[in-house]
Amino acid sequence: MAYRAEYMWIDGSEPTREIRSKTKVLADGAEPGTWGFDGSSTNQADGDNSDVVLNPVFQCPDPIRGGDDVLVLCETLLPADMSPHPTNTRAIAAASLAKYADQEPVFGLEQEYTLINPATGWPAGFPPNGFPAPQGPYYCGVGALKIHGRDLIEEHTSACIAAGLAISGTNAEVMPGQWEFQIGPVDTVTVGDHLWVARYLLFRLAENHGVEVSIEAKPMPGDWNGAGMHTNFSTKAMREGPYEHIVAACEAMGALGKPEQHIRAYGVGIEDRLTGAHETQRYDQFSYGVSDRGASIRIPWQVAKEGKGYIEDRRPNANADPYVVSALVTDTICGALA
Ligand code: ADP
Ligand code: MN
Ligand code: MN
Ligand code: MN
């Protein structure tokens, strides 16, 4: 019987990239090959030269449709010479991984997001007129007054597991309607592949629940936590110790010009989120420390105790492109440790 392949790719939307998808029906036994789309509708081409090539790079079972149906994540190529499209950030991550593969870079990304009630435009759990009680009881909370949208989160986690994604956990976050899932630990390219597919599954499943998912960095101004994509990172040397490799990685991230370069790549609106309050360091200051949630980079306490492990870059926004973040972190740390 024929089956469906959902082709997905990352578009050229500014300032935040979005995932797009369309369905191809394939004959039984046929493999999903290269395809194309109208780049003039996704900010990726002009109307008079609109074709962009879809090149499959990662495939998994489609947990929503089931059966033989599949999800096919693609990179975008220029038809003229099949070189990477200017918006193809995966190619940059792939080059970075190829260059430093001997150091075995590994990532875990914590994707925070906010469920938005389309009727009010406010986060789920915010009353139509006024505000919920201040932050405190919501993080990892239980109970209908604290928690909004758990059915969707459970569905999403099951879908990620069924698709074979490296999902490593979920939790309710500090602001009502705010949640997190984690992808990892996997390599520089795989973490972006799995995170983008996990985002797709989340947005797609949320359609059924009549809620919108926002990965905006600061969806509620004022005394409410922003949404980040904490980036946990290690190399083989950092995982094996001694501790000097952990310190060297932090120092590499703080080297001249690096903090500014990273902030520029970590997603739009980062100045609004990294204010120095709400468990962040300011965007224009760099620091690292053990267990310090007010630092740019946190060294987990177990890592300090055991003298080996990984570091957490707390700066990337929820709306960052994971390929851009993973490529830059790999280049900065592996480049310094090489
Ligand atoms: P937090 O305590 O900051 O909330 P989480 O438990 O949400 O941390 O996320 C930690 C992430 O770090 C997970 O995705 C996990 O897979 C990842 N991780 C664990 N070990 C490593 C490692 N050695 N290198 C990189 N990432 C790792
Ligand atoms: Mn977390
Ligand atoms: Mn979190
Ligand atoms: Mn974290």
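**Figure 1. E110 as a buried ligand shared by two manganese ions.** In this predicted model, E110 has a relative accessibility of 14% and therefore counts as buried, the limit being under 20%. Through its OE atoms, E110 takes part in the coordination of the manganese ion (ligand 4), and it bridges this ion and the manganese ion (ligand 2), the two lying 3.9 Å apart.

**Figure 2. The manganese ion (ligand 2) between E110 and E180.** The donors to the manganese ion (ligand 2) are OE atoms of E110 and E180, at distances of 2.2 to 2.3 Å. This pair joins distant parts of the chain, since E110 belongs to strand 6 and E180 to strand 9, with their positions 70 residues apart in the numbering. E180 is itself a bridging residue, connecting the manganese ion (ligand 2) with the manganese ion (ligand 3) across a separation of 3.8 Å. With a relative accessibility of 4%, E180 counts as buried.

**Figure 3. The manganese ion (ligand 3) and its glutamate donors.** E112, E173 and E180 each supply OE coordination to the manganese ion (ligand 3), at 2.1 to 2.2 Å, and along the sequence these donor residues follow the spacing E-x60-E-x6-E. E112 sits in strand 6 (residues 106-117), whereas E173 sits in the loop between strand 8 (167-172) and strand 9 (178-186), so that the pair links parts of the chain that are 61 residues apart. E112 is classed as buried because its relative accessibility is 8%, which is under 20%, and E173, at 7%, is likewise classed as buried.

**Figure 4. The manganese ion (ligand 4) with carboxylate and histidine donors.** Coordination of the manganese ion (ligand 4) comes from two OE entries of E110, from ND1 of H230 and from OE of E312, at 2.0 to 2.5 Å. In sequence, the donors of this ion are arranged as E-x119-H-x81-E. H230 lies in strand 11 (residues 229-234) and E312 in strand 14 (residues 311-313), so this pair of residues ties together parts of the chain that are 82 residues apart in sequence. H230 is buried, with a relative accessible area of 10%, and E312 also counts as buried, at a relative accessibility of 1%.

Terms used: Residues are numbered from 1 along each chain as its sequence is written. Chains are lettered from A and ligands numbered from 1 in the order in which they are written. This is a predicted model: local features need pLDDT of at least 70, side-chain atom pairs count only at pLDDT 80 or more; totals for chains, interfaces and linings use all residues. Side-chain values use heavy atoms; hydrogens and water are left out. Donors are N, O and S atoms within 2.8 Å of the metal (3.2 Å for Na, K and Ca); water is not among the atoms, so sites may look incomplete. Helices (H or I, at least four residues) and strands (E, at least two) are DSSP runs, numbered from the N terminus. Buried means under 20% relative accessible area, exposed over 50%, partly exposed in between (1.4 Å probe, protein chains only).
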